[in-house]
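Let's take a walk through this structure together, one piece at a time. Keep the 3D view open beside the text as you read.

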Amino acid sequence: KQPIMKFKDLDEGYKWLRYYQDKLFLQDWNIRLALEPAGEDSDTVSQVYYHQPEKEAVITIFRHSVEYYKESVSKNCEQHLLLHELFHIKLDLPYDYYTNGVDNIEKRALYTQNHQLVDDMSKSMLMTQYNLDFSWFRNY
């Protein structure tokens, strides 16, 4: 079995959202999922907006063209993108926290380091769930 590259529909996305909410102890969060076409010039594959005090969030997965995915160095699997955004919520690592309107090298480095941690954790969870090794995420 392999991770899901593209959810069949929103219902399948919500099925996995609820599954991972349970695994990450995020059951008390109200999280909306959106599957949206990507903007023509956008490189963004997913994003999350959340409000910690209210425990509510919106995760958006942007669907790019087949050509976009073929040119990517890493596979952009929607199941991984969903997990990635959930780890942002779990670890409370929003981009604004690091920049807060100021873009300096120290804050950029901290953000990059923590963003890599989020990505490693989400990939590790899929590797464990599907018994994969890291090479599965390569697109070459």
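Leaving aside its neighbours within four places in sequence, Leu26 is in contact with Gln21, Leu86, Ile89 and Lys90. Bear in mind as you look that this is a predicted model. You will find Leu26 in the loop between helix 1 and strand 1. Is Leu26 buried or exposed? Its relative accessibility is 3%, and because buried means under 20%, Leu26 counts as buried. For a sense of distance, try Ser46: Leu26 and Ser46 lie 20 residues apart in sequence, and their C-alpha atoms are 19 Å apart in space.

Now turn to the sheet. Its 3 strands form an open sheet in the order 1-3-2, with mixed pairing. Strand 1 (30-37) and strand 2 (46-51) stand at the edges with a single partner strand each, so one side of each has no neighbour in the sheet. From one strand to the next, the twist averages 15°. As a reminder, strands of a sheet pair through backbone hydrogen bonds, either parallel or antiparallel. Here, strand 1 pairs with strand 3 (residues 56-63) in the parallel sense, over 8 bridges. To find your place in this pairing, look for Ile31, which stands opposite Ala57 in strand 3. Helix 1 (residues 10-23) packs on the sheet, where it touches strand 1 and strand 3. The direction of helix 1 makes about 140° with that of strand 1.

Next comes helix 3. Helix 3 (residues 78-91) lies across strand 1, strand 2 and strand 3, and runs at about 150° to strand 3. Does its length come out as expected or not? At 1.5 Å a residue, the 14 residues of helix 3 should span 20 Å, and the end C-alpha atoms are indeed 20 Å apart, which agrees.

How many of the residues of helix 3 are buried? The count is 12 of the 14, so helix 3 is largely enclosed by the rest of the structure. Among the buried residues are Leu81, Leu82, Leu83, Leu86, Phe87 and Ile89, and they also include Glu78, His80, His84 and Glu85. What covers the buried residues of helix 3? The cover includes helix 1, strand 1, strand 2, strand 3 and helix 5 (105-130). Two of the names in helix 3 may look familiar: Leu86 and Ile89 are among the contacts of Leu26. Finally, step just past the end of helix 3, where Asp92 takes a positive phi of about 50°.

Terms used
Residues are numbered from 1 along each chain as its sequence is written. This is a predicted model: local features need pLDDT of at least 70, side-chain atom pairs count only at pLDDT 80 or more; totals for chains, interfaces and linings use all residues. Side-chain values use heavy atoms; hydrogens and water are left out. Two strands pair if DSSP finds at least two bridges between them. Helices (H or I, at least four residues) and strands (E, at least two) are DSSP runs, numbered from the N terminus. Axes are lines fitted to C-alpha atoms, for helices over the stretch in contact, and angles run from 0 to 180 degrees between N-to-C directions. Contact means heavy atoms within 4.5 Å. Buried means under 20% relative accessible area, exposed over 50%, partly exposed in between (1.4 Å probe, protein chains only). The expected span of a helix is 1.5 Å times one less than its number of residues.
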